[in-house]
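Biologist: I have a sequence and a model open on the bench computer. Could you take me through the model piece by piece?

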Amino acid sequence: MTNTRGSLSIQNVSLSYGKAEKRVLALDGISFEVRSNQFTVIVGPSGCGKSSLLYIAAGLLEASAGGVTASGRLVEAPGADRGMVFQSYTLFPWLTVRDNIGYGLRRKSMPAAEREAIVARYLDEVGLTAFAGHYPKQLSGGMMQRVAIARALANDPDILLMDEPFGALDSQTRHSMQKLLLRVWEQSQKTVAFVTHDIDEAILLGDRVIVMTARPGKVKADIEINIPRPRAPEIELESEFISLKRRILNELRGEIDEDH
């Protein structure tokens, strides 16, 4: 029997809003598979439904047609098997860094000693041990997003869903977070579905890049990224990287023109 743990299957997913003549088709028959432990990046023009697709996979939004299976089970609601990291900083302002990371574990009624050990591990992993007692308002944007990633990973999901998690960060912090994510992913080997507008980021992080059309969103291209790992930002200057970037931009160019 095939092991489906950590796999994500998008099966003919469509999404529409409104009724009758005001109906808007946002996603139209999206289908692709994400293998267990694979890092898949989704790119496309603004408004093509990238984030909506991730919300459907998370169980936060219901598809109008089709469906998503995670680890072989139909997604009908949020679940502990899927961790979500949003672009905005979704930390609880009244909880410390330590308590934010441990929030999901506490809800599972995990014994305190075990919970504290896991929280300590991820505090160290994201370099925030010295800030464990701080509150979100005392942190920079990059620090808050590190806490959000640590919180998602601490719950040990099979699948990590990331909706432009670095989109609001400055360039230097973004590169730092990309390196952190790659290091943590290479150690934990989670399945990742990652949405971004940044083509360089998509190539740096991904095993493959799914390119979507303008609304209604469809899969236009599925591009394998065969650059060996580990990767560093310096690969952006290499000819193979530049060739992949040109290919993805060419796929997107007509979509962006049509979108405007």
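**Strands, helices and cores**

Modeller: Start with Ser9, whose bridge partner in β4 is Thr69. This is a predicted model, where local features need pLDDT of at least 70, side-chain atom pairs count only at pLDDT 80 or more, and totals for chains, interfaces and linings use all residues. Residues are numbered from 1 along each chain as its sequence is written, and side-chain values use heavy atoms, with hydrogens and water left out.

Biologist: In β2, what is the bridge partner of Ser9?

Modeller: Strands are DSSP runs of E with at least two residues, helices are runs of H or I with at least four, and both are numbered from the N terminus. Two strands pair if DSSP finds at least two bridges between them. β1 (residues 8–17) and β2 (residues 24–34) are antiparallel and share seven bridges, while β1 and β4 (residues 65–70) are antiparallel with five. In β2, the partner of Ser9 is Glu33.

Biologist: Which residue in the turn of the β1 and β2 hairpin has a positive phi?

Modeller: Six residues lie between the two strands of this hairpin. The phi in question is about 80°, and it belongs to Gly18.

Biologist: Which are the edge strands of the open sheet of six strands?

Modeller: The order of this sheet is β6-β7-β8-β3-β9-β10, with mixed pairing. An edge strand pairs on one side only. The edge strands are β6 (82–85) and β10 (219–224).

Biologist: In β7, what is the bridge partner of Arg82?

Modeller: β6 and β7 (residues 159–163) run parallel and are joined by four bridges. In β7, Arg82 is partnered by Ile159.

Biologist: At what angle does α1 run to β7?

Modeller: Axes here are lines fitted to C-alpha atoms, for helices over the stretch in contact (heavy atoms within 4.5 Å). Angles between N-to-C directions run from 0 to 180 degrees. Helix α1 (residues 50–58) lies across β3, β6, β7, β8 and β9, and its angle to β7 is about 150°.

Biologist: Why are the buried residues of α4 on the same side?

Modeller: Buried means under 20% relative accessible area and exposed over 50%, with partly exposed in between (1.4 Å probe, protein chains only). In α4 (residues 112–125), the buried residues are Arg115, Ile118, Val119, Tyr122, Leu123 and Glu125. They share a side because the arc they cover around the axis, taken from the directions to the C-beta atoms, is only 160°.

Biologist: Which residues are exposed on the other side of α4?

Modeller: The buried residues of α4 are covered by elements including α2, α3, α5 and α6. On the other side, the exposed residues are Ala113, Arg121 and Asp124.

Biologist: How many residues of α5 are buried?

Modeller: Those buried residues, among them Met143, Val147 and Leu153, pack against β6, α2, α3, α4, β7 and α6. The helix is largely enclosed by the rest of the structure, because the buried count out of 14 residues is 12.

Biologist: Which residues have the most contacts inside the largest nonpolar core?

Modeller: A nonpolar core is a set of buried Ala, Val, Leu, Ile, Met, Phe, Trp, Tyr and Cys residues joined through side-chain atoms within 4.5 Å. The largest has 54 residues, and α5 gives the most to this core, with nine. Those with the most contacts inside it are Val43, Phe194 and Ile248.
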